[in-house]
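Biologist: Could you take a close look at the salt bridges in this model, and explain where the paired side chains sit and what they connect?

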2 protein chains.
Amino acid sequence: MSAVRNVLFIMCDQLRRDHLSCYGGRVPTPNLDALAARGVCFDEAYVQSGVCGPSRMSFYTGRYMSSHGATWNRVPLSVGEPTLGDYLRSGGGGVALAGKSHVMPDDEGLARFGIAPDSDRGVLLRAGGFAEIDRYDGHTPPGPESGYADWLRARGYASADPWSEFVIAAEDRGQVVSGWQMRNAHLPSRVQEVHSETAYMTDVALAWIAAQGESPWVLHLSYVKPHWPYLAPAPYHALFRDSDTGPFVRSPQDGTADEHPVLHAYRTHDECLSFGREDIARHVRPAYMGLVAQVDAHLGRVFRALEMSGRLGDTLIIFTADHGEFLGDRGLGEKELFYDEIVRVPLIVADPDGRADGTRGHHDPRFVEAIAVVPTVLDALGQNGVAHRSEGRSLLPLLRGETARAWRDCVFSELDYSYRRARVVLGRRASACRGFMVRTTEWKYVDWQGFRPQLFDVARDSLELNDLGAAAGFERIRSELRERLFEWLAGLSRRTTVSDAQVEARTDAHRRHGVHIGIW
Amino acid sequence: MSAVRNVLFIMCDQLRRDHLSCYGGRVPTPNLDALAARGVCFDEAYVQSGVCGPSRMSFYTGRYMSSHGATWNRVPLSVGEPTLGDYLRSGGGGVALAGKSHVMPDDEGLARFGIAPDSDRGVLLRAGGFAEIDRYDGHTPPGPESGYADWLRARGYASADPWSEFVIAAEDRGQVVSGWQMRNAHLPSRVQEVHSETAYMTDVALAWIAAQGESPWVLHLSYVKPHWPYLAPAPYHALFRDSDTGPFVRSPQDGTADEHPVLHAYRTHDECLSFGREDIARHVRPAYMGLVAQVDAHLGRVFRALEMSGRLGDTLIIFTADHGEFLGDRGLGEKELFYDEIVRVPLIVADPDGRADGTRGHHDPRFVEAIAVVPTVLDALGQNGVAHRSEGRSLLPLLRGETARAWRDCVFSELDYSYRRARVVLGRRASACRGFMVRTTEWKYVDWQGFRPQLFDVARDSLELNDLGAAAGFERIRSELRERLFEWLAGLSRRTTVSDAQVEARTDAHRRHGVHIGIW
């Protein structure tokens, strides 16, 4: 196999790691399993925040949430934050997007710099540095930045809004009903499978890759599924049954006064009120599983196309998710907080380089963070890193079996719940709703502003059932883990306008600048 | 007295608080004393870093060093960091600069946004938002952004570089000698006093203020003195003698293995090697004191002009310094580190508003930080604050005797010594040279990356002679103060693209955006 010329960076939205068969899950994912056999499955991969926006901005900037500042879904990514696209462009390339990025444009920032939103530069900055082939974030009907609505209409879905009327709609006893209502999750979507979101975006990606011919490329193929609404097209709507969904994670502390106040407040959210009912969770899980199986099937199309065109031999493939989904575990629904269901994600990396032959099919137990993606892509393409700005480390040494000196021994994740109802329930100011997680081999510790911490002995309590955040006898452990967070907070990347190498070259150099301070 | 229409924000460079007579110091400063009598002297005012660049960027952005990222003198202020000028311009005004700002332009940032450096926007961004009347940072000969060199030549100082040849030069037995050499500090500068840097910049400021007529204005008058070179024009060079300079601060720990490793490494710096000799310090201090007296004399001209034009009645005056100077205390010279000689600065604020009559002449013992200046200026001019970005609080409630609920009970300061020789001496990476200070009523605690902390019982040891950073019996105190730093680090302003008010208005609002997650 040859050197990396192309990069395919695939993301799913709201995909639980433990659902994939290559991670021991109940949904057969033969195509991801095959990718895992060609590459490395990272078993301890964590996102920098358990919610789309900040998680993705960490994937795209290579920086922790506290550094990039896009702390929740509706928070624009500052135009001052360079992304993967910027770094690649400085090397003469770029990154194309098919699907979801969740980048919120920083229009105030653009105005400050006098950049017209519809200028070439403005378009790129508003897109977070992606060249958008087809941008489609889900949640709301596809807009003009996506061809999906027109494409559907051309295929007979006659509607001003074919997404709402067909894609996320079903039919129940002659009535058109909405996929937003979880009661309809057992029904098939009104689109044919080949016209679903996942099918469409796969078509877009395959056409774009084919059009590149022999030119090198970097593509972010970013599926909105299995994200809400939980409604699958036939036959995926009926692929799984309640009995396939497995047991629920339950803790004796759930819902009691012993559980953490922030967790307790989250239970007031609609999705937790619904998913807190096991009958609802059992009703929805099969649809979710079907959506996962569907994504895998379309990834099979992608991988086969790459194989047939010879691109498997020179394309670095990264597969991951922006976060998971509770699906009724712990009586919770949706995402956020710091349980493994949410922040521990699948991460499969297949490196075509011959130096990676020795690790193919391996499961790597070392800790990896989402911010590793930017430096990994740059490293694979032979571009210089941006160590003073990007806070992650390239995974190539792990993939290529090079002994990485002192690899990381913990991971960090963050949450800002200021936009959530929980803030109001808890009576917090918008600036004081932060949580910080550190996960070591033995422990998971979460520090919450204004509340006691959470602590889980994950070595013995892998399901995180027993919160030791207030338990006697663990004071020293909590203190040590808080120390880890201190070191991390104190060490975040601050000086982004000058590189470390420049600092070192200029150390003690004032004489050369004609400044002769301190001489007798 | 009437409402505030104008703001005069005066800064000195490298001015020690304890030298001013209004702060009990040995240099008579009758004009600053008069300002203090009209306003409030803050006794516990601290800068966010004890070095020009980052300290000033905190004054100008209203943000901690870790937030604005300009961590040392040669580090550009990211164009993404709005400054006082930006905030004032958004209200239809602006801020003019006469003198030093130490803003390093972020030319990479400009290039990223396609902004020509010589365009109106580019000029303003490169100047950190100041409209530069006359920019002169000292250290090196005045450039084209200052009229000082031409002005000197027009007054008979015939030279391609009249600054080096006259302003910072002296004559010694017929030879022209340099003010950079401290051995010459007893000699008068070769410029007449009325042609000195301080005189010139005062003239520039007075002419500009006069030209504003009845239009409101905001001016940053920023003297480079008493900063190096330590050479005063006659008669100020001879105003003080060795016997006027007072005792030196000395600790039994100075220079011993008991002192902190970072402090120990600073002793290898040229200025400490020189100022470490008491004979040199005694030789230089009188010149420094003369420069301070000279600044005060010219401030007298400013205040008299304001009085005669009626501007004292509608101008908020702020006087402060970017940091102090060791002047041989502790065997150290120059700045940085966290001793009071450096980070505790003079801050006098005179508010013409009648509501401030009750506090005139007061010394206020409450803690104040440099980042208070931006919100104070905006508050005084009736402009909205920028609480999600600026991290300081307006001082107006303190000036106007309004009981401020829960005023701050500590202050923070930071240092990044990566550019300094100390880094090499200590064998540190450029990204791991950070120090963080918290000062409470009783304690000063400094946390250093990779080294033990420093701790001073400032309530009993106000000169900070006994470093308890490694002393037994103080574990609990150190731990508590480190907790304060943790809370501070965790609470720094991150989400700069959306205000807290916007977050609160959008809390739990996904329904309104057509996203119906979580319903049955």
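**Salt bridges of chain A**

Modeller: Arg135(A) is a good place to begin, since in this predicted model its relative accessible area is 10%, under the 20% limit, and Arg135(A) therefore counts as buried. Its partner in a salt bridge is Glu132(A), and the closest N and O atoms of the two are 2.8 Å apart. Glu132(A), with a relative accessible area of 30%, is partly exposed, so this bridge joins a buried residue to a partly exposed one.

A second pair is formed by Arg400(A) and Asp351(A), whose closest N and O atoms lie 2.6 Å apart in a salt bridge. This pair links distant parts of the chain, 49 residues apart: Arg400(A) belongs to the loop between helix H15 (396-399) and strand S12 (411-416) of chain A, while Asp351(A) belongs to the loop between strand S10 (347-350) and strand S11 (362-369) of chain A. Here Arg400(A) and Asp351(A) are both buried.

A third salt bridge brings together the side chains of Glu44(A) and Arg439(A), at 3.6 Å from N to O. Because Glu44(A) lies in strand S2 (residues 40-46) of chain A and Arg439(A) in strand S13 (residues 434-439) of chain A, the pair ties together parts that are 395 residues apart in sequence. Glu44(A) is buried, its relative accessible area being 15%, and Arg439(A) is buried as well, with a value of 6%. These two residues also belong to a network of salt bridges, in which Glu44(A) and Arg439(A) are linked with Asp340(A), Arg344(A), Lys444(A) and Glu464(A).

As for the wider setting, the count of salt bridges over all chains comes to 106. Chain B can be superposed on chain A, with an RMSD of 0.1 Å, by a rotation of 180° with 0.0 Å of shift along its axis, which is the relation of a two-fold axis. Of the interface residues of chain B, 100% are also interface residues in chain A, so the copies meet through the same surface.

Methods
Residues numbered from 1 in each chain as written. Chains lettered and ligands numbered in written order. Predicted model: local features only at pLDDT ≥ 70, side-chain atom pairs only at ≥ 80, totals over all residues. Heavy atoms only, no water. Least-squares fit on C-alpha atoms with pLDDT ≥ 70 in both. Contact = heavy atoms within 4.5 Å. Salt bridge = Lys/Arg side-chain N within 4 Å of Asp/Glu carboxyl O. Helix = DSSP H or I, 4+ residues; strand = E, 2+ residues; numbered from the N terminus. Buried < 20%, exposed > 50% of the residue type's maximum accessible area, 1.4 Å probe, protein only.
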